[in-house]
Amino acid sequence: MLWRFSAFLKRCINTSSSRHCKKDSLFTIHPNVKEALADHRPVVALESTIITHGMPYPHNLSTAKEVEAIVRAEGAIPATIGILEGRIHVGLSSDELDFLAQNKTALKVSRRDFPYVISKGLSGGTTVSGTMIAAHKAGIPVFVTGGIGGVHRDGENSLDVSADLIELGRTPIAVVSAGVKSILDIGRTLEFLETQGVCVATYGDSKRFPAFFSRQSGFTSPYHVSSPQEAADLIASTLSLGLQSGLLLAVPIPEEHAATGQQIEDAIQTAVTEASSKGVTGRDVTPFILQRVNELTKGKSLKANIGLIHNNAKVGSRIACALSRHKEKSGGNFRGDIKTQKSKDQRMDSKTIVIGGINVDFIAKGTTEKLVFGQTNPGSVCQSFGGVGRNIADCLSRLGYKPLFISAIGKDSHSDAVLNYCKHMDTSAIARLQDQRTATYCAVITESGELSLGLGDMDIHQQIQEQYVSQFEDKLASASLVVLDGNIPVSTIDYVCCISKNHAVPVWFEPTDADKACKPFLSESWKALSYTSPNLAELCTMNHTLGLPTPTELPRSLDDVLGCVPALCRPLLEHLHCVVVTLGPLGVLVCGEHDAGTVNLQPRKQKRKGRLCAVHYPALTVSSKETVNVSGAGDSFAGAMMVGILQGMDTDSCVRMGLLAARTSLLSPHPIDPSLTADVIHPEKSHSQLWSKPTFMWMED
């Protein structure tokens, strides 16, 4: 039997501005913001509920524009965040600000409200928690607001606690505010923040914690910072530790805007009583009280409110600028990762990332020509460890390019076995999830190696979500290659593609099977891919998803295949650098830009200039008796070819390394042969007698 690349045993198992753009269908990043983020210039996030619910028109609009002007004057780029007709906008135009300021049906949008508001195509102002989420997804580390929510008075009985506090405990953003609104229980709010693991510091010469309109609340912060640089150092250390919690910087209102404390406190007590008697509850309480306090103080509280917001914008912008300078000096390493002296090989290893699934495989091979369903068939059963992502990471590791492997497993006996088997790999980014089952896959194959039946329990792969993967964002942004398998959620693929596009990082998409091959092509994400390695059925799925014509029946003969496949690859190559089509016993067809008589596989920094061509490589022959396990051949091929590309080898060598790695997989009971080494597949050290001459052909423009 000829060796089959076909991925019929591949595993089963779907991320918005990159750091600057996340899911294109939901996010709109203002061009000024996108450019600043791409250039690593300081950006300050601003909320929009102050526009939609915090002040009356036109004070809300003028204040929003004044705050943005202050941010610009301090050398940063403002990014006011809001939702317009179901899309999250990071950075608003003047017309968009005006739209929100006059919109009488705009909603207050916190974490819980995003799904509904977006699904209904509604508009709204983002609260502190909502703005934190969007800012983090956009890669903005500093957010300026007036004051945050907190534990409401009598909260120990009502359990009325602002979502802002929860968000501070799980989203790594520095929030610059005038402390906690004085209508709240400040003491219990600080206690709650401590429980959430939020670092709180007063900006100034003392630890006195401000109370929005008042410079002091009677409570103290655990810490204080006295300059933008000190604040930036604190933010940088918070982000570098990777704690995934936020930081609250409390800025006292300027002396000249501090209203008489007793006058405002009396007004607050009156407003609170009125709110209770009128049955005002939940999210409506704060705007009601602020408006009533403004009326009772004859505008003094509004003037103080605007003054403190202006001051926060000035302080926050200076901190953002200092943080940007800090990042430049530290080489941009904020997220995680304590720097240690690494060997050359380790530095090389950290530049490759694989995101995908892990499976425990059970391969049952019959010993008769045909399997009879409904009865016991003689055969052999063996256990191995697979999953497309795991297989590729395993292959890369054995060939000297140990990647960071991001995946998910359960906390069960299977997971212990997997981690023990994968000790030679970097498994530090594999999440172990309670109450989840490690993915398992059972394949029944015939004596000749054909798949007869496959069963998979792979729900856990859907837990490889954007929220988890985003903690490795800095590594993704600096990787030399990112590999995605089709098992991961669509949203995760979208997220990683957006990061990669903004940082010019090559992405290799391994489709896994025909059903999952569509995932990047459901949006514009596919345009960020550099490489993909589909079989013919998967290639047809990609074209079909893009609304392009596909053959009603898959071609079978080599001539028919070579006549059909280049036309299917042609539209993909408008954006992808290379499409590697695995053809089972017919070999491999490599399609891409022509260079020196073959396809150029090396990542390019600019748009394609040369003609497109295709090169066909015949398969290596492996008999059915020699074939032990077909589940990892395609992954071995892809992994070895990646190594050749990373080493800058010529196209023939890259493909032949892949062919040899796949052959070793077919002869092994394991998807990736444990004896696989760089020497075993080096195309120039042996095997020269195996090679048939590849066939070159031009592709039609």
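This briefing covers two nonpolar cores, a covered helix, a cavity and a set of paired strands.

The model is predicted: local features need pLDDT of at least 70, side-chain atom pairs count only at pLDDT 80 or more, and totals for chains, interfaces and linings use all residues. Residues are numbered from 1 along each chain as its sequence is written, and side-chain values use heavy atoms, with hydrogens and water left out.

**Nonpolar cores**

- The largest nonpolar core (buried Ala, Val, Leu, Ile, Met, Phe, Trp, Tyr and Cys residues joined through side-chain atoms within 4.5 Å) has 90 residues, and those touching the most other members are Val33, Val90, Ile140, Ile235 and Leu249.
- Helix H13 (residues 300-329) supplies the largest share of this core, 12 residues; helices (H or I, at least four residues) and strands (E, at least two) are DSSP runs numbered from the N terminus.
- A second, separate core holds 58 residues, including Ala443, Ile445, Leu476 and Ala614.
- Leu249 is in contact (heavy atoms within 4.5 Å) with residues that include Val175, Ala201, Ile235 and Ile319, leaving aside residues up to four places away in sequence.

**Helix H6**

- In helix H6 (residues 128-138), 10 of the 11 residues are buried, where buried means under 20% relative accessible area, exposed over 50% and partly exposed in between (1.4 Å probe, protein chains only).
- Among the buried residues of H6 are Ser129, Thr131 and His136.
- Gly139, just after H6, takes a positive phi of about 85°.

**Strands E13, E17 and E18**

- E13 (residues 359-366) runs parallel to E17 (residues 440-445), with 6 bridges between them; strands pair if DSSP finds at least two bridges between them.
- E17 is also joined by 6 bridges to E18 (residues 451-457), and these two run antiparallel.
- Tyr441 in E17 stands opposite Asp361, and the bridge partner of Tyr441 in E18 is Gly456.
- Lys365 lies in E13 and counts as buried because its relative accessibility is 17%.
- Contacts of Lys365 include Ile445, Glu447, Ser624 and Thr627, not counting residues up to four places away in sequence.

**Second largest cavity**

- The second largest cavity contains about 130 Å³ of space.
- Of its 13 lining residues, Leu46, Glu47, Ile50, Val67 and Ile309 are the closest to its centre.
- Helix H2 (49-54) and helix H3 (59-73) each supply at least two residues of this lining, and H3 gives the most, with 4 residues.

Note on methods: 1 Å grid on protein atoms, 1.4 Å probe; cavity = no way out; pocket = protein on both sides within 12 Å on 5 of 7 lines; lining within 4 Å. Points joined across faces, edges and corners; volume = space filled by probe spheres on them.
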